[in-house]
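Grab a pencil and work through these exercises with the structure open beside you. Each task comes with a solution that goes step by step.

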Amino acid sequence: MGKVHPQALHSSTSCSFTSKQETFTLWMKSLVLNGKGCTVFDSDGQLVYRVDNYNCKCIDEVHLMDQKGNTLYTILRKQYSLSRFWEGYRSPGTRNQKRERGPSFRVYKTCRIARRISTYKVKLGADKSQPYSHKIESSTGKSACKISDQFGILVAELRRKKSSCGVDFGDDVLTMVVEPNTDLSLIMGLVVAYTLINCQM
């Protein structure tokens with residue numbers, strides 16, 4: 001089996017916004033022994049993001065970290081009545097400060113457009129008077145998905161990663177293509193929430 005990335009133990013500095021189209025590898029595994037989570041590498045094989053749940057699946061609080069272990073988003077599972085969703089709070093800040101600021105995003109499943117397509121609505125920003133949204137569409141039962149902005153323009157896409165000779169690495173190894181001028185850490189936060197909703201992490 002080929003390596004997910006040959007430079008996996010090195011690290012690099014991640015940036016907030018993409019200046020060009022960039023490609024990343026998402027490995028739905030934690031680097032922590034027996035842990036749950038995911039690890040993200042850039043196109044050079046450098047570690048850029050990670051989530052480590054320490055052997056706990058489907059917990060109520062998850063932290064998206066950079067390569068140095070600094071928390072970028074705290075993502076919390078919420079439930080009102082019969083509605084379940086995940087909210088992302090940008091770090092740093094104490095739990096009380098985050099609650100006062102409100103969530104940076106909220107992700108919840110809305111409906112199934114067709115037999116094999118599911119949609120997820122994303123509300124961005126804490127200002128309720130001027131909300132704007134993204135949309136996540138996925139094929140039912142698959143990890144692949146597309147993220148579009150409020151204008152319906154594709155900003156990121158996940159699909160199963162293939163080797164140079166066209167062989168799939170498996171369900172837990174994905175390629176993420178992010179379009180220019182996109183907040184990369186936000187996209188990663190949405191991807192983490194999406195995978196949590198589908199109990200893939």
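**Exercise 1.** Work out whether Asp52 is buried or exposed, then find its salt-bridge partner.

*Solution.* Keep in mind that you're looking at a predicted model. Start with the surface: Asp52 has a relative accessible area of 8%. The cut-off for buried is under 20%, so Asp52 counts as buried. Now look at the side chain: Asp52 meets Arg50 in a salt bridge, at 2.9 Å from N to O.

**Exercise 2.** The whole structure has seven salt bridges. Take the one between Glu87 and Arg106 and say where in the chain each partner sits.

*Solution.* First, the distance: the closest N and O atoms of Glu87 and Arg106 are 2.5 Å apart. Next, the places: Glu87 belongs to strand S6 (residues 83-90) and Arg106 to strand S7 (residues 105-114). With their positions 19 residues apart in sequence, the pair links distant parts of the chain. Last, the surroundings: Glu87 is buried at 3% relative accessible area, while Arg106, at 26%, is partly exposed.

For a follow-up, try Glu137 and Lys135, whose side chains form a salt bridge of 3.2 Å, N to O. Here Glu137 is partly exposed at 29%, and Lys135 is partly exposed at 38%.

**Exercise 3.** Which residues does Asp60 touch, leaving out those up to four places away in sequence?

*Solution.* Find Asp60 in the loop between strand S3 (47-52) and strand S4 (61-66). Its relative accessibility is 47%, which makes Asp60 partly exposed. The residues it touches are Ile75, Leu76, Arg77 and Trp86. Check two of them in turn. The C-alpha atoms of Asp60 and Leu76 are separated by 5.6 Å, though these residues are 16 apart along the chain. With Arg77, the side chain of Asp60 makes a polar contact to the other side chain at 2.6 Å.

**Exercise 4.** The structure holds two aromatic pairs. How are the rings of Tyr120 and Tyr194 arranged?

*Solution.* Begin with the geometry: the centres are 5.2 Å apart and the planes are at 90°. Planes over 60 degrees apart count as edge-to-face, so that's the label for Tyr120 and Tyr194. Then locate them: Tyr120 is in strand S8 (residues 117-124) and Tyr194 in helix H2 (residues 184-197), so the pair ties together parts 74 residues apart in sequence. Both Tyr120 and Tyr194 are buried.

There's another ring to look at: the charged end of Lys161 sits over the ring of Phe169, at 5.7 Å from its centre.

**Exercise 5.** Trace how strand S11 (residues 154-160) pairs with strand S10 (residues 145-148), and then with strand S12 (residues 173-178).

*Solution.* Take S10 first: S10 and S11 pair in the antiparallel sense over four bridges. One match to spot is Ser148 with its bridge partner Leu154. The hairpin has five residues between these strands, and there Gly152 takes a positive phi near 80°. Now turn to S12, which is joined to S11 by five bridges and also runs antiparallel. On this side, Glu157 stands opposite Val177.

**Exercise 6.** What stands out about the phi of Asn181?

*Solution.* Start with the general rule: most residues other than glycine have a negative phi. Asn181 isn't a glycine, yet its phi is positive, about 60°. You'll find Asn181 in the loop between S12 and H2. With a relative accessible area of 63%, Asn181 is exposed.

Definitions and conventions:
Residues numbered from 1 in each chain as written. Predicted model: local features only at pLDDT ≥ 70, side-chain atom pairs only at ≥ 80, totals over all residues. Heavy atoms only, no water. Helix = DSSP H or I, 4+ residues; strand = E, 2+ residues; numbered from the N terminus. Buried < 20%, exposed > 50% of the residue type's maximum accessible area, 1.4 Å probe, protein only. Contact = heavy atoms within 4.5 Å. Polar contact = N/O pair within 3.5 Å; in protein donor to acceptor, adjacent residues only side chain to side chain. Phe/Tyr/Trp six-rings, centres within 6.5 Å; stacked < 30°, edge-to-face > 60°. Lys NZ or Arg CZ within 6 Å of the ring centre and 35° of its normal. Pairing = 2+ DSSP bridges. Salt bridge = Lys/Arg side-chain N within 4 Å of Asp/Glu carboxyl O.
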